[in-house]
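Here are some exercises to work through with the structure open beside you. Try each one yourself before you read the solution.

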Amino acid sequence: MARIAIGGFQHETNTFSSTPASLADFEAPDAWPGLTRGGAMLEAVADINLPVAGFVQEARSLQHELVPMTWCSAQPSGRVTRDAYEHISGLLLDDLQHAGKVDGVYLDLHGAMVAEHCDDADGEILRRVRAMVGPGVPVVASLDFHANLSHQMARQATALVTYRTYPHVDMADCGARAARVMHEVLHGPSVTQHLEQLDFLVPLTSQSTLVEPLQSLMSEVESAERPPLLSACLTPGFPAADVADCGPAVYACGTDAAVVADAARRLADALRRREGEFALELYPVEQAIAQLRRTPAPRGRPVILADTQDNPGAGGNADTMSLVKALVASRLPRVLAGVICDPDAAARAHAAGEGALFDLRLGGRTGTAGETPLEARCTVLALGDGRFTGTGPFYRGARFELGPMALLELGGVRVAVASRKQQAADQAMFRHLRAEPADYAVLALKSSVHFRADFGPLASRILVVEAPGPNVADPGRLPFRKLRPGMRTSPRRR
Ligand SMILES: [Zn+2]
(Lines give C-alpha, C1' and ligand atoms only; values in the text may rest on other atoms or scores of the structure.)
Protein backbone atom coordinates (compact mmCIF):
# COMPACT_ATOMS: atom_id res chain seq x y z
CA MET A 1 0.00 0.00 0.00
CA ALA A 2 1.30 3.45 -0.92
CA ARG A 3 0.21 7.01 0.01
CA ILE A 4 -0.65 8.92 -3.14
CA ALA A 5 -1.47 12.64 -3.25
CA ILE A 6 -4.05 13.44 -5.97
CA GLY A 7 -5.14 16.74 -7.47
CA GLY A 8 -6.15 18.36 -10.72
CA PHE A 9 -6.20 21.66 -12.59
CA GLN A 10 -7.80 21.53 -16.04
CA HIS A 11 -8.04 24.21 -18.70
CA GLU A 12 -8.00 24.12 -22.50
CA THR A 13 -6.80 27.52 -23.65
CA ASN A 14 -7.72 29.08 -26.99
CA THR A 15 -5.06 31.79 -27.12
CA PHE A 16 -6.97 33.55 -29.92
CA SER A 17 -9.96 34.16 -27.62
CA SER A 18 -9.91 37.50 -25.81
CA THR A 19 -11.99 36.20 -22.87
CA PRO A 20 -9.57 35.13 -20.12
CA ALA A 21 -10.23 32.42 -17.50
CA SER A 22 -10.36 34.03 -14.06
CA LEU A 23 -10.28 32.46 -10.61
CA ALA A 24 -14.08 32.85 -10.44
CA ASP A 25 -14.38 30.66 -13.57
CA PHE A 26 -12.50 27.85 -11.81
CA GLU A 27 -14.50 28.29 -8.61
CA ALA A 28 -17.91 28.03 -10.32
CA PRO A 29 -19.43 24.63 -11.14
CA ASP A 30 -20.62 23.93 -14.70
CA ALA A 31 -21.04 20.33 -15.88
CA TRP A 32 -18.16 19.52 -13.54
CA PRO A 33 -17.64 20.60 -9.93
CA GLY A 34 -16.31 24.03 -9.01
CA LEU A 35 -12.94 24.28 -7.25
CA THR A 36 -12.92 21.64 -4.53
CA ARG A 37 -10.31 20.64 -1.96
CA GLY A 38 -9.49 17.90 0.51
CA GLY A 39 -12.07 15.26 1.47
CA ALA A 40 -14.89 17.16 -0.23
CA MET A 41 -13.07 16.72 -3.55
CA LEU A 42 -13.47 12.93 -3.53
CA GLU A 43 -17.21 13.29 -3.06
CA ALA A 44 -17.55 16.10 -5.65
CA VAL A 45 -15.98 14.07 -8.48
CA ALA A 46 -17.37 10.63 -7.59
CA ASP A 47 -19.08 8.68 -10.40
CA ILE A 48 -18.44 11.37 -13.04
CA ASN A 49 -16.65 10.53 -16.30
CA LEU A 50 -13.52 12.38 -15.15
CA PRO A 51 -9.91 11.11 -14.94
CA VAL A 52 -9.60 11.88 -11.24
CA ALA A 53 -12.74 9.83 -10.49
CA GLY A 54 -11.37 6.85 -12.45
CA PHE A 55 -8.01 7.17 -10.70
CA VAL A 56 -9.63 7.19 -7.25
CA GLN A 57 -11.67 4.08 -7.94
CA GLU A 58 -8.79 2.07 -9.41
CA ALA A 59 -6.19 3.21 -6.85
CA ARG A 60 -8.53 2.20 -4.04
CA SER A 61 -9.05 -1.23 -5.54
CA LEU A 62 -5.24 -1.54 -5.67
CA GLN A 63 -5.31 -0.83 -1.90
CA HIS A 64 -3.57 2.54 -2.01
CA GLU A 65 -4.22 5.35 0.43
CA LEU A 66 -5.26 8.63 -1.23
CA VAL A 67 -4.52 12.13 0.00
CA PRO A 68 -6.93 14.45 -1.82
CA MET A 69 -5.63 17.92 -2.72
CA THR A 70 -7.23 20.63 -4.90
CA TRP A 71 -9.17 19.85 -8.10
CA CYS A 72 -10.73 22.39 -10.47
CA SER A 73 -11.56 23.06 -14.10
CA ALA A 74 -13.01 25.93 -16.13
CA GLN A 75 -14.66 26.17 -19.53
CA PRO A 76 -12.22 26.54 -22.44
CA SER A 77 -11.51 30.22 -23.11
CA GLY A 78 -8.62 32.63 -23.56
CA ARG A 79 -5.50 32.50 -21.37
CA VAL A 80 -5.74 31.74 -17.66
CA THR A 81 -5.06 34.94 -15.72
CA ARG A 82 -1.76 35.11 -13.86
CA ASP A 83 -3.73 35.57 -10.65
CA ALA A 84 -5.87 32.43 -11.16
CA TYR A 85 -2.90 30.30 -12.23
CA GLU A 86 -0.67 31.34 -9.33
CA HIS A 87 -3.49 31.05 -6.80
CA ILE A 88 -4.53 27.54 -7.89
CA SER A 89 -0.96 26.25 -8.31
CA GLY A 90 -0.33 27.71 -4.84
CA LEU A 91 -3.26 25.73 -3.40
CA LEU A 92 -1.97 22.51 -4.99
CA LEU A 93 1.58 23.00 -3.73
CA ASP A 94 0.30 23.99 -0.32
CA ASP A 95 -1.80 20.81 -0.16
CA LEU A 96 1.22 18.77 -1.23
CA GLN A 97 3.43 20.45 1.38
CA HIS A 98 0.92 19.55 4.09
CA ALA A 99 0.22 16.03 2.81
CA GLY A 100 3.05 14.57 4.86
CA LYS A 101 5.26 11.90 3.33
CA VAL A 102 3.78 10.66 0.05
CA ASP A 103 4.98 7.80 -2.15
CA GLY A 104 3.50 9.22 -5.37
CA VAL A 105 1.63 12.19 -6.86
CA TYR A 106 -1.17 11.95 -9.43
CA LEU A 107 -2.32 15.03 -11.33
CA ASP A 108 -5.42 15.32 -13.54
CA LEU A 109 -4.25 17.98 -16.04
CA HIS A 110 -5.40 18.98 -19.52
CA GLY A 111 -2.11 19.60 -21.29
CA ALA A 112 -3.26 22.60 -23.36
CA MET A 113 -3.41 25.20 -20.61
CA VAL A 114 -1.76 28.54 -21.35
CA ALA A 115 -1.51 31.24 -18.68
CA GLU A 116 -1.01 34.97 -19.26
CA HIS A 117 2.62 34.66 -18.20
CA CYS A 118 3.37 31.03 -19.11
CA ASP A 119 2.90 29.22 -22.46
CA ASP A 120 3.47 25.69 -21.09
CA ALA A 121 1.32 26.05 -17.98
CA ASP A 122 0.88 22.28 -17.42
CA GLY A 123 4.62 21.64 -17.80
CA GLU A 124 5.24 24.39 -15.25
CA ILE A 125 2.90 22.75 -12.70
CA LEU A 126 4.70 19.44 -13.19
CA ARG A 127 8.04 21.25 -12.77
CA ARG A 128 6.94 22.85 -9.48
CA VAL A 129 5.55 19.55 -8.15
CA ARG A 130 8.72 17.71 -9.15
CA ALA A 131 10.85 20.38 -7.46
CA MET A 132 8.90 19.85 -4.25
CA VAL A 133 8.89 16.03 -4.11
CA GLY A 134 12.36 15.46 -5.61
CA PRO A 135 13.45 12.99 -8.28
CA GLY A 136 12.64 9.81 -6.32
CA VAL A 137 8.86 10.17 -6.01
CA PRO A 138 6.76 9.06 -9.00
CA VAL A 139 4.63 11.83 -10.53
CA VAL A 140 1.99 10.50 -12.93
CA ALA A 141 -0.32 12.82 -14.90
CA SER A 142 -3.28 12.09 -17.12
CA LEU A 143 -3.84 14.52 -20.00
CA ASP A 144 -6.64 15.31 -22.45
CA PHE A 145 -6.67 14.02 -26.05
CA HIS A 146 -6.20 17.73 -26.95
CA ALA A 147 -3.01 18.15 -24.95
CA ASN A 148 -0.21 20.00 -26.73
CA LEU A 149 2.49 17.74 -25.31
CA SER A 150 5.78 19.43 -24.40
CA HIS A 151 9.25 18.12 -23.64
CA GLN A 152 8.98 19.73 -20.22
CA MET A 153 5.84 17.69 -19.40
CA ALA A 154 7.56 14.48 -20.56
CA ARG A 155 10.71 15.29 -18.57
CA GLN A 156 9.09 16.36 -15.30
CA ALA A 157 6.51 13.55 -15.08
CA THR A 158 7.53 9.96 -14.40
CA ALA A 159 4.74 8.88 -16.75
CA LEU A 160 2.00 10.53 -18.82
CA VAL A 161 -1.27 8.86 -19.81
CA THR A 162 -3.67 10.47 -22.30
CA TYR A 163 -7.29 9.93 -23.39
CA ARG A 164 -7.78 7.75 -26.48
CA THR A 165 -11.20 8.93 -27.62
CA TYR A 166 -12.83 12.04 -29.07
CA PRO A 167 -15.67 12.35 -27.98
CA HIS A 168 -13.84 11.74 -24.70
CA VAL A 169 -15.89 8.79 -23.45
CA ASP A 170 -12.78 7.31 -21.75
CA MET A 171 -11.82 10.08 -19.34
CA ALA A 172 -12.51 7.95 -16.24
CA ASP A 173 -10.84 4.95 -17.94
CA CYS A 174 -7.78 7.09 -18.59
CA GLY A 175 -7.61 7.95 -14.89
CA ALA A 176 -7.85 4.23 -14.09
CA ARG A 177 -4.98 3.52 -16.51
CA ALA A 178 -2.96 6.24 -14.76
CA ALA A 179 -3.60 4.45 -11.44
CA ARG A 180 -2.30 1.17 -12.87
CA VAL A 181 0.78 2.93 -14.26
CA MET A 182 1.32 4.52 -10.84
CA HIS A 183 1.02 1.10 -9.22
CA GLU A 184 3.76 -0.21 -11.55
CA VAL A 185 6.17 2.70 -11.11
CA LEU A 186 5.85 2.75 -7.31
CA HIS A 187 7.92 -0.41 -7.09
CA GLY A 188 9.36 -0.97 -10.54
CA PRO A 189 12.71 -0.13 -12.13
CA SER A 190 13.39 3.33 -13.50
CA VAL A 191 11.24 4.68 -16.33
CA THR A 192 12.38 6.40 -19.53
CA GLN A 193 10.27 8.48 -21.93
CA HIS A 194 10.31 9.40 -25.58
CA LEU A 195 8.34 12.26 -27.16
CA GLU A 196 7.94 12.93 -30.88
CA GLN A 197 6.27 16.21 -31.89
CA LEU A 198 4.83 16.30 -35.43
CA ASP A 199 4.97 19.20 -37.84
CA PHE A 200 1.37 19.76 -38.99
CA LEU A 201 -1.75 20.96 -37.18
CA VAL A 202 -4.93 18.87 -37.21
CA PRO A 203 -8.30 20.74 -37.29
CA LEU A 204 -10.53 19.79 -34.33
CA THR A 205 -13.38 18.55 -36.50
CA SER A 206 -10.99 16.07 -38.20
CA GLN A 207 -9.96 14.57 -34.85
CA SER A 208 -12.90 12.29 -34.07
CA THR A 209 -11.83 8.77 -33.17
CA LEU A 210 -15.20 7.46 -34.42
CA VAL A 211 -13.95 7.90 -37.98
CA GLU A 212 -10.70 7.49 -39.92
CA PRO A 213 -7.85 8.11 -39.77
CA LEU A 214 -7.82 8.31 -35.96
CA GLN A 215 -10.06 5.29 -35.47
CA SER A 216 -7.40 2.88 -36.73
CA LEU A 217 -4.45 4.96 -35.49
CA MET A 218 -5.79 4.77 -31.93
CA SER A 219 -6.12 1.00 -32.11
CA GLU A 220 -2.46 0.87 -33.18
CA VAL A 221 -1.60 2.95 -30.10
CA GLU A 222 -3.61 0.63 -27.88
CA SER A 223 -1.89 -2.49 -29.16
CA ALA A 224 1.56 -0.85 -28.86
CA GLU A 225 1.03 -0.42 -25.11
CA ARG A 226 2.46 -3.66 -23.76
CA PRO A 227 5.52 -4.42 -21.59
CA PRO A 228 8.16 -3.06 -21.41
CA LEU A 229 5.98 -0.03 -22.34
CA LEU A 230 3.92 1.40 -19.48
CA SER A 231 2.10 4.00 -21.54
CA ALA A 232 1.69 4.80 -25.26
CA CYS A 233 -0.03 8.05 -26.22
CA LEU A 234 -1.07 9.82 -29.41
CA THR A 235 -2.47 13.33 -29.04
CA PRO A 236 -3.65 15.28 -32.12
CA GLY A 237 -3.31 18.52 -30.12
CA PHE A 238 -5.43 21.62 -29.56
CA PRO A 239 -4.75 23.73 -32.64
CA ALA A 240 -6.12 27.11 -31.46
CA ALA A 241 -3.05 27.71 -29.32
CA ASP A 242 -0.28 30.03 -30.45
CA VAL A 243 2.49 28.35 -28.46
CA ALA A 244 5.67 26.55 -29.49
CA ASP A 245 4.39 23.15 -28.34
CA CYS A 246 1.09 23.34 -30.28
CA GLY A 247 0.43 20.29 -32.43
CA PRO A 248 0.16 16.51 -32.51
CA ALA A 249 2.57 14.34 -30.57
CA VAL A 250 3.36 10.74 -29.79
CA TYR A 251 4.70 9.77 -26.37
CA ALA A 252 5.77 6.51 -24.84
CA CYS A 253 7.32 5.56 -21.53
CA GLY A 254 8.57 2.28 -20.12
CA THR A 255 11.48 0.42 -18.68
CA ASP A 256 13.55 -0.21 -21.83
CA ALA A 257 14.81 2.98 -23.47
CA ALA A 258 15.41 1.46 -26.92
CA VAL A 259 11.99 -0.22 -27.12
CA VAL A 260 10.26 2.96 -25.86
CA ALA A 261 11.95 5.18 -28.47
CA ASP A 262 11.31 2.68 -31.25
CA ALA A 263 7.58 2.39 -30.39
CA ALA A 264 7.13 6.18 -30.29
CA ARG A 265 8.93 6.60 -33.64
CA ARG A 266 6.85 3.90 -35.28
CA LEU A 267 3.57 5.44 -34.10
CA ALA A 268 4.72 8.91 -35.19
CA ASP A 269 5.52 7.52 -38.65
CA ALA A 270 2.07 5.92 -38.84
CA LEU A 271 0.49 9.30 -38.00
CA ARG A 272 2.64 11.10 -40.59
CA ARG A 273 1.56 8.67 -43.31
CA ARG A 274 -2.12 9.55 -42.69
CA GLU A 275 -1.68 13.37 -42.77
CA GLY A 276 -3.70 13.83 -45.98
CA GLU A 277 -6.77 12.20 -44.40
CA PHE A 278 -7.15 14.97 -41.81
CA ALA A 279 -8.37 17.52 -44.39
CA LEU A 280 -11.29 19.69 -43.32
CA GLU A 281 -14.90 19.31 -44.55
CA LEU A 282 -17.00 22.37 -43.72
CA TYR A 283 -20.39 23.53 -45.06
CA PRO A 284 -21.17 27.22 -45.46
CA VAL A 285 -24.56 27.96 -43.79
CA GLU A 286 -26.47 28.43 -47.10
CA GLN A 287 -25.09 25.15 -48.45
CA ALA A 288 -26.14 23.28 -45.30
CA ILE A 289 -29.67 24.69 -45.55
CA ALA A 290 -29.86 23.78 -49.24
CA GLN A 291 -28.89 20.21 -48.27
CA LEU A 292 -31.68 20.12 -45.66
CA ARG A 293 -34.21 21.17 -48.31
CA ARG A 294 -32.95 18.61 -50.83
CA THR A 295 -32.84 15.69 -48.37
CA PRO A 296 -35.18 16.16 -45.40
CA ALA A 297 -34.56 14.01 -42.33
CA PRO A 298 -36.57 10.79 -41.95
CA ARG A 299 -38.82 10.66 -38.82
CA GLY A 300 -36.84 10.14 -35.64
CA ARG A 301 -33.49 10.59 -37.43
CA PRO A 302 -32.61 14.31 -37.29
CA VAL A 303 -29.92 15.98 -39.38
CA ILE A 304 -27.32 17.51 -37.07
CA LEU A 305 -25.68 20.82 -37.86
CA ALA A 306 -22.52 21.22 -35.77
CA ASP A 307 -22.02 24.95 -35.12
CA THR A 308 -18.34 24.28 -34.45
CA GLN A 309 -16.93 27.81 -34.64
CA ASP A 310 -18.97 28.90 -31.60
CA ASN A 311 -18.39 25.70 -29.62
CA PRO A 312 -17.98 26.74 -25.99
CA GLY A 313 -15.98 23.53 -25.50
CA ALA A 314 -13.18 25.09 -27.56
CA GLY A 315 -13.31 28.71 -26.48
CA GLY A 316 -16.55 29.94 -28.12
CA ASN A 317 -19.16 31.86 -26.14
CA ALA A 318 -22.26 29.96 -27.33
CA ASP A 319 -24.04 33.11 -28.41
CA THR A 320 -23.43 33.68 -32.15
CA MET A 321 -26.83 33.69 -33.87
CA SER A 322 -26.08 33.46 -37.62
CA LEU A 323 -27.04 29.80 -37.94
CA VAL A 324 -30.25 30.18 -35.91
CA LYS A 325 -31.21 33.27 -37.94
CA ALA A 326 -30.69 31.34 -41.18
CA LEU A 327 -32.85 28.50 -39.85
CA VAL A 328 -35.61 30.97 -38.86
CA ALA A 329 -35.45 32.50 -42.36
CA SER A 330 -35.52 29.04 -43.99
CA ARG A 331 -38.94 28.22 -42.43
CA LEU A 332 -37.84 24.60 -42.20
CA PRO A 333 -40.08 22.69 -39.76
CA ARG A 334 -39.12 20.99 -36.46
CA VAL A 335 -35.83 22.75 -35.73
CA LEU A 336 -34.20 22.63 -32.26
CA ALA A 337 -31.09 24.72 -31.56
CA GLY A 338 -28.83 25.26 -28.58
CA VAL A 339 -27.55 25.73 -26.13
CA ILE A 340 -27.35 29.55 -26.37
CA CYS A 341 -25.74 31.25 -23.38
CA ASP A 342 -27.73 34.39 -22.57
CA PRO A 343 -28.38 34.95 -18.86
CA ASP A 344 -30.55 38.06 -19.53
CA ALA A 345 -32.85 36.16 -21.90
CA ALA A 346 -33.13 33.27 -19.41
CA ALA A 347 -33.99 35.70 -16.60
CA ARG A 348 -36.63 37.43 -18.72
CA ALA A 349 -38.19 34.09 -19.62
CA HIS A 350 -38.33 33.11 -15.94
CA ALA A 351 -39.88 36.46 -15.00
CA ALA A 352 -42.47 36.11 -17.77
CA GLY A 353 -43.34 32.46 -17.01
CA GLU A 354 -44.24 29.46 -19.19
CA GLY A 355 -46.64 30.31 -22.01
CA ALA A 356 -45.72 34.01 -21.97
CA LEU A 357 -45.11 35.91 -25.20
CA PHE A 358 -42.67 38.84 -25.44
CA ASP A 359 -40.17 40.59 -27.72
CA LEU A 360 -36.60 39.42 -27.21
CA ARG A 361 -33.06 40.17 -28.38
CA LEU A 362 -31.23 36.86 -28.03
CA GLY A 363 -27.44 36.24 -28.06
CA GLY A 364 -24.95 38.03 -30.30
CA ARG A 365 -23.42 40.08 -27.49
CA THR A 366 -19.88 38.79 -27.01
CA GLY A 367 -18.22 40.53 -29.91
CA THR A 368 -17.79 38.11 -32.84
CA ALA A 369 -17.38 40.39 -35.88
CA GLY A 370 -20.68 41.01 -37.68
CA GLU A 371 -22.77 39.13 -35.10
CA THR A 372 -25.92 40.78 -33.77
CA PRO A 373 -28.73 39.51 -31.51
CA LEU A 374 -31.68 37.64 -33.00
CA GLU A 375 -34.66 39.95 -32.56
CA ALA A 376 -38.02 38.20 -32.51
CA ARG A 377 -41.22 37.71 -30.59
CA CYS A 378 -40.73 34.59 -28.49
CA THR A 379 -42.94 32.16 -26.61
CA VAL A 380 -41.68 30.55 -23.40
CA LEU A 381 -42.28 26.81 -23.84
CA ALA A 382 -40.48 25.48 -20.77
CA LEU A 383 -38.33 26.64 -17.85
CA GLY A 384 -35.62 24.87 -15.86
CA ASP A 385 -33.23 25.63 -13.01
CA GLY A 386 -30.23 24.27 -14.99
CA ARG A 387 -29.53 21.52 -12.42
CA PHE A 388 -29.61 18.02 -13.86
CA THR A 389 -27.34 15.02 -14.41
CA GLY A 390 -25.61 14.05 -17.65
CA THR A 391 -26.82 10.79 -19.19
CA GLY A 392 -24.73 10.46 -22.38
CA PRO A 393 -21.42 8.59 -22.63
CA PHE A 394 -19.34 11.81 -22.53
CA TYR A 395 -21.03 13.80 -19.72
CA ARG A 396 -21.94 10.61 -17.84
CA GLY A 397 -22.74 11.47 -14.22
CA ALA A 398 -21.88 15.17 -14.67
CA ARG A 399 -23.93 17.28 -12.26
CA PHE A 400 -24.79 20.27 -14.44
CA GLU A 401 -25.33 23.71 -12.93
CA LEU A 402 -26.13 25.97 -15.87
CA GLY A 403 -28.25 28.54 -14.00
CA PRO A 404 -31.82 29.42 -15.09
CA MET A 405 -32.68 27.83 -18.45
CA ALA A 406 -35.56 28.22 -20.90
CA LEU A 407 -36.87 26.65 -24.08
CA LEU A 408 -38.06 29.45 -26.35
CA GLU A 409 -39.81 29.42 -29.69
CA LEU A 410 -38.69 32.23 -32.00
CA GLY A 411 -39.86 32.47 -35.60
CA GLY A 412 -40.75 28.76 -35.65
CA VAL A 413 -37.39 27.58 -34.29
CA ARG A 414 -37.06 26.20 -30.76
CA VAL A 415 -33.99 27.40 -28.89
CA ALA A 416 -32.61 26.16 -25.57
CA VAL A 417 -31.08 28.99 -23.53
CA ALA A 418 -28.86 28.74 -20.44
CA SER A 419 -27.27 31.22 -18.06
CA ARG A 420 -23.81 29.59 -18.27
CA LYS A 421 -22.10 28.39 -21.41
CA GLN A 422 -21.79 24.65 -21.94
CA GLN A 423 -21.12 22.53 -25.03
CA ALA A 424 -24.32 20.87 -26.36
CA ALA A 425 -23.00 17.34 -25.95
CA ASP A 426 -25.70 15.61 -23.89
CA GLN A 427 -29.39 15.06 -24.63
CA ALA A 428 -30.14 15.78 -20.97
CA MET A 429 -29.44 19.46 -21.71
CA PHE A 430 -32.61 19.54 -23.86
CA ARG A 431 -34.67 16.98 -21.94
CA HIS A 432 -34.28 19.21 -18.87
CA LEU A 433 -36.52 21.60 -20.85
CA ARG A 434 -38.92 18.83 -21.94
CA ALA A 435 -37.51 18.81 -25.52
CA GLU A 436 -36.82 15.32 -26.91
CA PRO A 437 -34.06 15.64 -29.54
CA ALA A 438 -35.26 12.65 -31.60
CA ASP A 439 -38.61 14.42 -32.20
CA TYR A 440 -36.92 17.09 -34.33
CA ALA A 441 -35.87 17.10 -37.98
CA VAL A 442 -32.91 19.44 -37.48
CA LEU A 443 -30.65 19.83 -34.45
CA ALA A 444 -28.28 22.83 -34.52
CA LEU A 445 -25.72 22.14 -31.80
CA LYS A 446 -22.99 24.36 -30.36
CA SER A 447 -20.36 21.59 -30.42
CA SER A 448 -17.51 20.37 -32.65
CA VAL A 449 -17.22 16.62 -32.01
CA HIS A 450 -18.30 15.73 -28.43
CA PHE A 451 -21.99 15.78 -29.49
CA ARG A 452 -21.29 12.65 -31.55
CA ALA A 453 -21.16 10.51 -28.38
CA ASP A 454 -24.80 11.06 -27.35
CA PHE A 455 -26.47 12.53 -30.48
CA GLY A 456 -24.49 10.66 -33.16
CA PRO A 457 -26.59 7.46 -32.96
CA LEU A 458 -29.77 9.53 -33.64
CA ALA A 459 -28.43 11.37 -36.66
CA SER A 460 -29.37 10.57 -40.23
CA ARG A 461 -26.62 12.96 -41.30
CA ILE A 462 -24.04 15.26 -39.68
CA LEU A 463 -22.91 18.49 -41.34
CA VAL A 464 -20.15 20.59 -39.79
CA VAL A 465 -21.25 24.15 -40.50
CA GLU A 466 -19.04 27.19 -40.94
CA ALA A 467 -21.12 29.85 -39.15
CA PRO A 468 -19.26 32.76 -37.53
CA GLY A 469 -17.62 32.29 -34.13
CA PRO A 470 -14.34 32.74 -32.28
CA ASN A 471 -13.26 29.08 -32.58
CA VAL A 472 -11.87 29.24 -36.13
CA ALA A 473 -12.28 25.72 -37.58
CA ASP A 474 -9.44 25.97 -40.08
CA PRO A 475 -6.14 26.50 -38.23
CA GLY A 476 -4.73 27.70 -41.57
CA ARG A 477 -6.67 30.95 -41.01
CA LEU A 478 -5.30 31.70 -37.54
CA PRO A 479 -2.62 34.41 -37.11
CA PHE A 480 0.09 32.26 -35.48
CA ARG A 481 3.41 33.78 -34.37
CA LYS A 482 4.98 31.23 -32.04
CA LEU A 483 4.69 27.84 -33.76
CA ARG A 484 7.81 25.72 -34.21
CA PRO A 485 9.73 26.49 -37.42
CA GLY A 486 8.40 24.40 -40.31
CA MET A 487 4.94 23.75 -38.80
CA ARG A 488 2.20 23.45 -41.41
CA THR A 489 -1.02 25.07 -40.15
CA SER A 490 -3.17 22.74 -42.27
CA PRO A 491 -2.55 19.08 -43.07
CA ARG A 492 -0.98 18.64 -46.51
CA ARG A 493 -3.56 17.15 -48.91
CA ARG A 494 -2.45 14.18 -50.90
ZN1 LIG B 1 -10.42 17.57 -25.22
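**Exercise 1.** In this predicted model, find which element holds Val-339, and determine whether the peptide bond from Gly-338 to Val-339 is cis or trans.

*Solution.* Start with the place of Val-339: this residue belongs to strand β11, residues 335–341. Next, read omega for the bond that joins Gly-338 to Val-339; the angle is near 0 degrees, and the bond is cis. Now look for a second case: the bond from Pro-227 to Pro-228 is also cis, with omega near 5 degrees. Pro-228 sits in the loop between α8 and β8. As background, most peptide bonds are trans.

**Exercise 2.** What is the phi of Ala-318, and what is the phi of Arg-334? Classify each residue as buried, partly exposed or exposed.

*Solution.* Take the angles to begin with. Ala-318 has a positive phi of about 60 degrees, although it is not a glycine. Arg-334, again a residue other than glycine, has a positive phi near 55 degrees. For context, most residues other than glycine have a negative phi.

Then locate the two residues. Ala-318 lies in the loop between β10 (303–306) and α11 (322–330), and Arg-334 is in the loop between α11 and β11.

Last, count neighbours. The cut-off for buried is 20 or more other C-beta atoms within 10 Å, and for exposed it is 12 or fewer. Ala-318 counts as buried because it has 27 C-beta neighbours inside 10 Å. Arg-334 has 16 such neighbours inside 10 Å, so it counts as partly exposed.

**Exercise 3.** Which residues of helix α8 are buried, and why do they line one face of the helix?

*Solution.* List the buried residues of α8 (residues 214–224): Leu-214, Leu-217 and Val-221. Look down the helix axis: these buried residues fall within an arc of 65 degrees, so they line one face of α8. Turn to the face pointing away from that buried side, and you meet the exposed residues Gln-215, Ser-216, Ser-219, Glu-222 and Ser-223. Finally, ask what covers the buried residues; the cover includes β8 (229–235) and α9 (257–273).

**Exercise 4.** How many residues of strand β1 are buried, and with which strands does β1 pair?

*Solution.* Begin with burial: seven of the eight residues of β1 (residues 3–10) are buried, which leaves the strand mostly covered. Then follow the bridges. With β3 (residues 65–73), β1 pairs in the parallel sense over seven bridges; one to check is Gln-10, whose partner in β3 is Ser-73. With β4 (residues 104–109), the pairing is parallel over six bridges, and Ala-5 has Val-105 as its partner in β4.

**Exercise 5.** Where do the two domains lie along the chain, and how many residues does each bring to their contact?

*Solution.* Domain 1 spans 3–278 and domain 2 spans 285–473. Their centres, taken over C-alpha atoms, are 31 Å apart. The contact draws 26 residues from domain 1 and 29 from domain 2. On the domain 1 side, the touching residues comprise 13 nonpolar, 11 polar and two charged.

**Exercise 6.** Is Pro-284 buried or exposed, and how far is it from Glu-466 in sequence and in space?

*Solution.* Pro-284 is in the loop between α9 and α10 (285–294). It counts as exposed because 11 C-beta neighbours lie inside 10 Å. Pro-284 and Glu-466 are 182 residues apart in sequence, yet their C-alpha atoms are 5.0 Å apart in space.

Conventions
Residues numbered from 1 in each chain as written. Predicted model: local features only at pLDDT ≥ 70, side-chain atom pairs only at ≥ 80, totals over all residues. Helix = DSSP H or I, 4+ residues; strand = E, 2+ residues; numbered from the N terminus. Arc of directions from axis to C-beta. Contact = placed C-beta atoms within 7 Å. Domains from an automatic or database assignment. Nonpolar A, V, L, I, M, F, W, Y, C, P; charged D, E, K, R; others polar. Pairing = 2+ DSSP bridges.
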